[in-house]
Amino acid sequence: MTDMLVRPATRAGADPREGAWTDTIDGPLTCTAVVDVTHDVRTFTFAPPAGRLLRFLPGQYLTFSFVVDGRPVSRCYTISSAPTRPELLEITVKRVPGGVVSPWLHEHLRPGDVVEASGPCGQFSHELHPADSHLFLTAGSGITPAMSMLRTLCDTGAAADVVLVHCARTPDDIVYRSELAQLSARHGVAVAVLCEEDSPGEHWDGLRGRLDAAALRQVAPDLRRREVFTCGPPPFMAAVRELLEGEGGDPRRAHEESFVLEGAMSTGRSTADDPSTTDGRAAADSRAAADDHVGADRVAATYRLELRRSGRVVECDGESTILEAALRAGVTLPSSCEEGMCGTCKLTLLDGRVDMQHAGGIRPREVAQGKILPCCSTPLEDVVVDA
Ligand SMILES: Cc1cc2nc3c(=O)[nH]c(=O)nc-3n(C[C@H](O)[C@H](O)[C@H](O)COP(=O)(O)OP(=O)(O)OC[C@H]3O[C@@H](n4cnc5c(N)ncnc54)[C@H](O)[C@@H]3O)c2cc1C
Ligand code: FES
């Protein structure tokens, strides 16, 4: 989590950048190709926004808005392509059985279709943690941010000391299987794939079972000197956390991103995709520190929240987010993750100060322009928002 105090905008939010590059998307993207990666994973390629080249960090994600069965829904998808190849933008999506969006994407999105996207967001990137040696630990669709980072490291000739461990259920479920073999052969990336079981048509001769201490020692005996990036389903992430701790890994060099929100897991909410990016224990520590800092004052105080465009005013106690207070006033603001990750709820703070504790869903430039995420912002005084 990132915590900060936010003040209102003092100037219009024009993008000063000119020319072929842009570092934000907030609008339509045209799908140019759809390719099967495995039996239930597909890559969707998009033309860059309005013919411009998107500047992003490998590992970052976009928030997409779709209309599924007449209802607007938002989901985050990692840009699986590399910023070194800015002429295309790819996302690689696993079909989640029973899911709202991923089956819809697989069934409906075709070349020529236009989708709405915003971003990029996120801090799960090796470029934010420069190091000579990397270890990527991935499972299932959690390989996508690692793939963007790997492709970047290979394209820039910096993949000399990279280990990728990918866990799949069967050989048929190995995402990017042929490209991983190429990255290994051409760029010397040490790729280790673990399969839990055979496919109906293929016996798996490689590493078997789940990632454990013995397998980790085998593929990365020098774990302690590596910058570690982990992404996969929640049980995988929990197991890796325990493993790294048991093997003496440095928590400050361990970075992780989850595709599934803790809140959504416990409440059964359908926005189970939402990201949380953490850097070792630092994030939890900084969040706790921020809470200590403002907590005592916040609980007792009540502030006036004005939703200017709606013409509504509501009281907001020091514990409620602006999103929650707006809902109480009868104003439903757009939202998805409700944890400061997806950026769906972004709006402009017109007056007052808030305590915003986000998780990568807003960019420093947007904050400087007076934008906030109401889902993770609590007032520190009377506030006016553009909603
Ligand atoms: C930062 C970020 C990046 C992401 N990048 C990718 C990506 O590159 N590729 C990708 O395929 N997905 C990615 N996701 C996940 C994606 O946003 C969706 O959550 C996912 O596609 C499921 O959406 P859905 O609408 O089909 O399922 P929902 O309707 O949201 O959920 C249906 C059911 O499936 C469960 N569920 C939801 N998500 C998952 C999941 N990922 N795995 C297993 N069960 C799940 C839910 O608990 C729920 O019970 C990312 C998520 C985040 C937060
Ligand atoms: S709803 Fe996702 S950032 Fe606010």
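A strand, in the sense I will use today, is a DSSP run of E of at least two residues, and strands, like helices, are numbered from the N terminus. With that in hand, I can say that Ser74 sits in strand β7, and I will come back to this residue later on. Before going further, please keep in mind that what we are looking at is a predicted model.

Let me begin with the chain as a whole. It contains 9 helices and 23 strands, and of its 387 residues, 51% are buried. If we take the contacts between residues at least 6 apart in sequence, we find that 69% of them join residues at least 24 apart.

How confident is the predictor along this chain? The mean pLDDT is 86, and 85% of the residues reach 70 or more. There are, however, stretches to treat with care: over residues 7–17 the pLDDT stays under 50, and the model has 24 contacts there beyond four places in sequence. Residues 264–297 likewise stay under 50, with 68 contacts beyond four places in sequence.

Now to the interior. In soluble globular proteins, nonpolar side chains tend to be buried together. In this model the largest nonpolar core has 25 residues, and those with the most contacts inside it are Leu305, Leu307, Met356, Ile372 and Val385. Two or more residues of this core come from each of the strands β17 (302–307), β18 (312–317), β19 (347–351), β20 (354–358) and β23 (383–385), and from the helix α8 (322–328). The largest share, 4 residues, is the contribution of α8. To see what such packing looks like around one residue, take Val385, which, leaving aside residues up to four places away in sequence, touches Leu305, Glu306, Leu307, Arg308, Leu347, Thr348, Leu349, Leu350 and Ile372. Apart from this core lies another one, of 23 residues, which includes Phe44, Phe56, Val68 and Val93.

Next, the largest pocket, whose volume is about 1200 Å³. Which residues lie nearest its centre? They are Lys94, Gly140, Ser141, Gly232 and Pro233, out of a lining of 48 residues. The elements that give two or more residues to that lining are β7 (71–78), β8 (89–94), β11 (162–168), α5 (234–246) and β15 (254–258). By character, the lining residues divide into 24 nonpolar, 14 polar and 10 charged.

Let me turn to some details of the backbone. The peptide bond from Gly119 to Pro120 is cis, with omega near 0 degrees, and Pro120 belongs to strand β9, which covers residues 114–121. Asp69 has a phi near 50 degrees, a positive value in a residue other than glycine, and its place is in the loop between β6 (61–68) and β7. Is Asp69 buried or exposed? Because exposed means over 50% relative accessible area, Asp69, at 75%, counts as exposed. Glu338, which is not a glycine either, has a positive phi of about 60 degrees; this residue lies in the loop between α8 and β19, and with a relative accessible area of 41% it is partly exposed.

Finally, I return, as promised, to Ser74 in β7. Its relative accessible area is 10%, so Ser74 counts as buried, the cut-off for that being under 20%. Ser74 and Cys342 are 268 residues apart in sequence, and yet their C-alpha atoms are 8.3 Å apart in space.

Conventions. Residues numbered from 1 in each chain as written. Chains lettered and ligands numbered in written order. Predicted model: local features only at pLDDT ≥ 70, side-chain atom pairs only at ≥ 80, totals over all residues. Heavy atoms only, no water. Core = buried A, V, L, I, M, F, W, Y, C linked by side-chain atoms within 4.5 Å. Buried < 20%, exposed > 50% of the residue type's maximum accessible area, 1.4 Å probe, protein only. Contact = heavy atoms within 4.5 Å. 1 Å grid on protein atoms, 1.4 Å probe; cavity = no way out; pocket = protein on both sides within 12 Å on 5 of 7 lines; lining within 4 Å. Points joined across faces, edges and corners; volume = space filled by probe spheres on them. Nonpolar A, V, L, I, M, F, W, Y, C, P; charged D, E, K, R; others polar. pLDDT = per-residue confidence, 0-100.
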